[in-house]
Amino acid sequence: MSLDQLRAWIPPGGPEDALAGQVIPERIPRHVAIIMDGNGRWAAQRHLPRVEGHRAGIDAVRDTVETSARLGLDVLTLYAFSVENWKRPKTEVSVLMSLLRRYLRLELDTLLRNNIRFTAIGRPNELPEDVYHELLQAEARTSRNTGMRFNIALNYGGRAEIVDAARRAIEAGVSPSSLDEARFSEFLYTAGQPDPDLLIRTSGEMRVSNFLLWQIAYAEIWVTDTLWPDFRCQHLLEAVIAYQKRDRRYGGIVSVPVAAGAK
Ligand code: IPE
Ligand code: IPE
Ligand code: MG
């Protein structure tokens, strides 16, 4: 897909259209990763239970996935449930799990229509069996799609991922002398995918909360005060425009054009 396809999809003459006009087509990030935060605060502002924030967050997911696919991202990764989120009340966790199952059921057709390949990253096998089953189904049904890769990070921890990768490398018999960064990254959940160019966090928190620790080494970070349930196409475009103005140096002194190596 391409920027033109995005422009054909969004209402002409509106704020999204004006923002899409500012995006430089040659510098679209290849991989955008998002820490979807602020559902609880969104609900609290409305004197609603926290789970209503999670429910409302589904609309933001739908809009973000469709915008990203049309924008022509290679990879979109959404952080949906961390290994630390089990600390939350049981009822909140179980509502999150059932929302996830419903999302997968309802959105599978949209994923197929948009040629999106879906993958769960993390330790999804430790999730409730029905959720895990739904995830495997969605992965299998979309496995031949050739468009955007949509990773959902579930029961995900950045440190857990590095430990899992180390275990797999040992199991594969990789010798210490042949192990380097490139070889190690083949054992990560995101093997074969480009690292995120842009990391977005909603609701203003300035932390990475154990997300993609290895992969975000040189990601550009963009934080918005917008709470996740309010996040839409226009916010994603604002983030991409801000990203395109960044000076990526990778430790050097000469500036590297943003999204070097990207389309
Ligand atoms: C993000 O919103 C969703 C998940 C972590 C599952 P939160 O539930 O963390 O919302 P806040 O941070 O409490 O507002
Ligand atoms: C990060 O949000 C995890 C997800 C978005 C799934 P949290 O709300 O769990 O992070 P902290 O606790 O504020 O660091
Ligand atoms: Mg939070």
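Tutor: Let's fix the axes before we talk packing: they are lines fitted to C-alpha atoms, for helices over the stretch in contact, and angles between N-to-C directions run from 0 to 180 degrees. Helices are DSSP runs (H or I, at least four residues), numbered from the N terminus. The model is predicted, so local features need pLDDT of at least 70 and side-chain atom pairs count only at pLDDT 80 or more, while totals for chains, interfaces and linings use all residues. Residues are numbered from 1 along each chain as its sequence is written, chains are lettered from A and ligands numbered from 1 in the order in which they are written, and side-chain values use heavy atoms, with hydrogens and water left out.

Student: OK, at what angle do H4 and H9 pack?

Tutor: H4 covers residues 50-71, and its axis runs 9 Å from that of H9. The pair is therefore oblique (neither under 35 degrees, nor over 145, nor 65 to 115). The crossing is right-handed, with the near helix turned clockwise from the far one by less than a right angle. The packing angle is about 45°.

Student: Which residues of H9 does H4 meet?

Tutor: On the H4 side you have Asp 63, Thr 64, Thr 67, Ser 68 and Leu 71 (contact means heavy atoms within 4.5 Å). The contact divides into five nonpolar, three polar and one charged residue. The H9 partners are Cys 233, Leu 236, Leu 237 and Val 240.

Student: And H2 against H9: parallel or antiparallel?

Tutor: H2 (residues 15-22) and H9 (residues 233-244) have axes 9 Å apart and pack at about 20°. That angle makes H2, relative to H9, roughly parallel.

Student: What is the handedness of that crossing, left-handed or right-handed?

Tutor: Picture the side chains: H2 brings Glu 16, Leu 19, Ala 20 and Gln 22, and H9 answers with residues including Leu 237 and Ile 241. By class, this contact has five nonpolar, three polar and two charged residues. The crossing of H2 and H9 is left-handed.

Student: How many charged residues are in the contact of H5 with H6?

Tutor: H5 (residues 90-113) and H6 (residues 129-142) cross at roughly 15°, their axes coming within 9 Å, which makes them roughly parallel. Among the residues that meet are Arg 101 and Arg 105 in H5, and Asp 130, Glu 134 and Arg 141 in H6. Nonpolar residues number nine and there is one polar residue. The charged count is five.

Student: Now the ligands. Which residue has a polar side-chain atom 2.7 Å from an oxygen atom of ligand 1?

Tutor: Residues around ligand 1 (a heavy atom within 4 Å) include Asp 37, Arg 41, Arg 50 and His 54. Backbone polar atoms also come in: one of Gly 38 is 3.4 Å from a ligand oxygen, and one of Asn 39 lies 3.1 Å from a ligand oxygen. The side-chain partner at 2.7 Å is Arg 88.

Student: How far is the polar side-chain atom of Ser 209 from an oxygen atom of ligand 2?

Tutor: Ligand 2 has Tyr 79, Phe 81, Arg 201 and Arg 207 among its surrounding residues. A side-chain polar atom of Asp 37 lies 3.2 Å from a ligand oxygen, and an N or O atom in the Asn 85 side chain is 3.0 Å from one. For Ser 209, the distance is 2.6 Å.

Note on methods:
Helix = DSSP H or I, 4+ residues; strand = E, 2+ residues; numbered from the N terminus. Nonpolar A, V, L, I, M, F, W, Y, C, P; charged D, E, K, R; others polar. Polar contact = N/O pair within 3.5 Å; in protein donor to acceptor, adjacent residues only side chain to side chain.
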